[in-house]
Amino acid sequence: MPLHDIGCLSTSVRFWTQKKYINSIGMSSTELKTAISLLVGVFDTYSKKEGDSSTLSRKELKDLLQSELGDALAVTKNPSQVDNILKDLDFNGDGQVDFTEYMVLVGALAMSCYEFFQQS
Ligand SMILES: [Ca+2]
């Protein structure tokens with residue numbers, strides 16, 4: 001089930017996804033809208049490199065992890081981490097990371113970041 005189809009969220013999210021509103025993000029930007037736009041943009045940049053542009057292949061995921069999160073996830077020092085992360089994220093078992101699966105990674109990292117700052 002796509003994340004945006006969860007219960008009462010779906011009506012609110014449907015408004016957000018109207019093309020007219022999405023196109024206005026750049027004109028009335030807030031920090032959160034900018035962050036969302038960047039998250040989508042990062043996925044898009046790497047998913048378009050080869051094959052299916054709506055998913056990250058193993059190579060695309062590796063490039064994204066090394067370039068965007070290399071130090072944070074220790075993927076530079078330990079390349080097998082990429083396979084472990086792909087295995088953990090690939091909920092539908094197709095060997096690719098789709099946008100929903102990518103958002104699970106982003107959500108997990110955001111939660112870790114939040115918990116770190118709560119303890120500091
Ligand atoms: Ca998948």
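## Exercises on the packing of a predicted model

The buried residues of α4 pack against α3, β1 (55–56), α5 (80–89) and β2 (97–98). The model is predicted, and the exercises below start from this helix and work outwards.

**Exercise 1. Determine which residues of α4 are buried, and describe the geometry of the helix.**

Solution.
Step 1. The buried positions in α4 are E60, L61, L64 and L65.
Step 2. α4 has 16 residues, and a straight helix would reach 22 Å at 1.5 Å a residue, yet the end C-alpha atoms of α4 are only 16 Å apart.
Step 3. A bend of about 65° is found in α4 at S67.
Step 4. Just beyond α4, A74 adopts a positive phi of about 55°.

**Exercise 2. Identify the residues of the largest nonpolar core and state which helix gives the most to this core.**

Solution.
Step 1. The largest nonpolar core has nine residues in all: F43, Y46, L56, L61, L64, L65, V75, V97 and Y102.
Step 2. At least two residues of this core come from each of α3 (31–47) and α4 (58–73).
Step 3. α4 gives the most, with three residues.
Step 4. One core member, V75, is in contact with L65, Q66, G70, Q81 and V82 when neighbours within four places in sequence are left aside.

**Exercise 3. Characterise α6, and decide whether Y102 is buried or exposed.**

Solution.
Step 1. Helix α6 covers residues 99–119; its 21 residues reach 30 Å from the first C-alpha to the last, close to the 30 Å expected at 1.5 Å a residue.
Step 2. The number of buried residues among the 21 of α6 is one, so the helix lies largely in the open.
Step 3. Y102 belongs to α6. The cut-off for burial is 20 or more other C-beta atoms within 10 Å. Y102 counts as buried because it has 21 C-beta neighbours inside 10 Å.
Step 4. Beyond its neighbours within four places in sequence, Y102 is in contact with F43, L56 and V97. These three residues and Y102 are listed in the largest nonpolar core.
Step 5. Y102 and L86 are 16 residues apart along the chain, and their C-alpha atoms are separated by 9.8 Å.

**Exercise 4. Classify D44, I85 and S57 as buried, partly exposed or exposed, and place each in the fold.**

Solution.
Step 1. The exposed class requires 12 or fewer other C-beta atoms within 10 Å, and the partly exposed class lies between the exposed and buried limits.
Step 2. D44 lies in helix α3. D44 counts as exposed because it has 12 C-beta neighbours inside 10 Å. The C-alpha atoms of D44 and L56 are separated by 9.0 Å, with these positions twelve residues apart along the chain numbering.
Step 3. I85 is part of helix α5. With 18 C-beta neighbours inside 10 Å, I85 is therefore partly exposed. Not counting residues up to four places away in sequence, I85 touches L65 and L73. For I85 and L73, twelve residues apart along the chain, the C-alpha separation is 9.4 Å.
Step 4. S57 sits in the loop between β1 and α4. S57 is partly exposed because 18 other C-beta atoms lie within 10 Å. Residues up to four places away in sequence aside, S57 touches E50, G51 and Q96. The C-alpha atoms of S57 and S47, ten residues apart along the chain, are separated by 7.4 Å.

**Exercise 5. Describe the overall architecture, and relate the UniProt annotation for residues 77–112 to the model.**

Solution.
Step 1. The protein contains six helices and two strands, and the pattern along the sequence is α-α-α-β-α-α-β-α.
Step 2. Of the 120 residues in the protein, 10% are buried.
Step 3. Among contacts with a separation of 6 or more, 31% are between residues 24 or more positions apart.
Step 4. In an unreviewed entry, UniProt lists residues 77–112 for "domain: EF-hand".
Step 5. Across residues 77–112 the model is 67% helix and 6% strand, and the end C-alpha atoms are 21 Å apart.

Terms used
Residues numbered from 1 in each chain as written. Predicted model: local features only at pLDDT ≥ 70, side-chain atom pairs only at ≥ 80, totals over all residues. Helix = DSSP H or I, 4+ residues; strand = E, 2+ residues; numbered from the N terminus. Expected span 1.5 Å × (residues − 1). Core = buried A, V, L, I, M, F, W, Y, C linked by C-beta atoms within 7 Å. Contact = placed C-beta atoms within 7 Å. UniProt positions renumbered as here; feature names shortened; annotations may be inferred. Bend = angle between axes of the 7 residues up to and from the residue.
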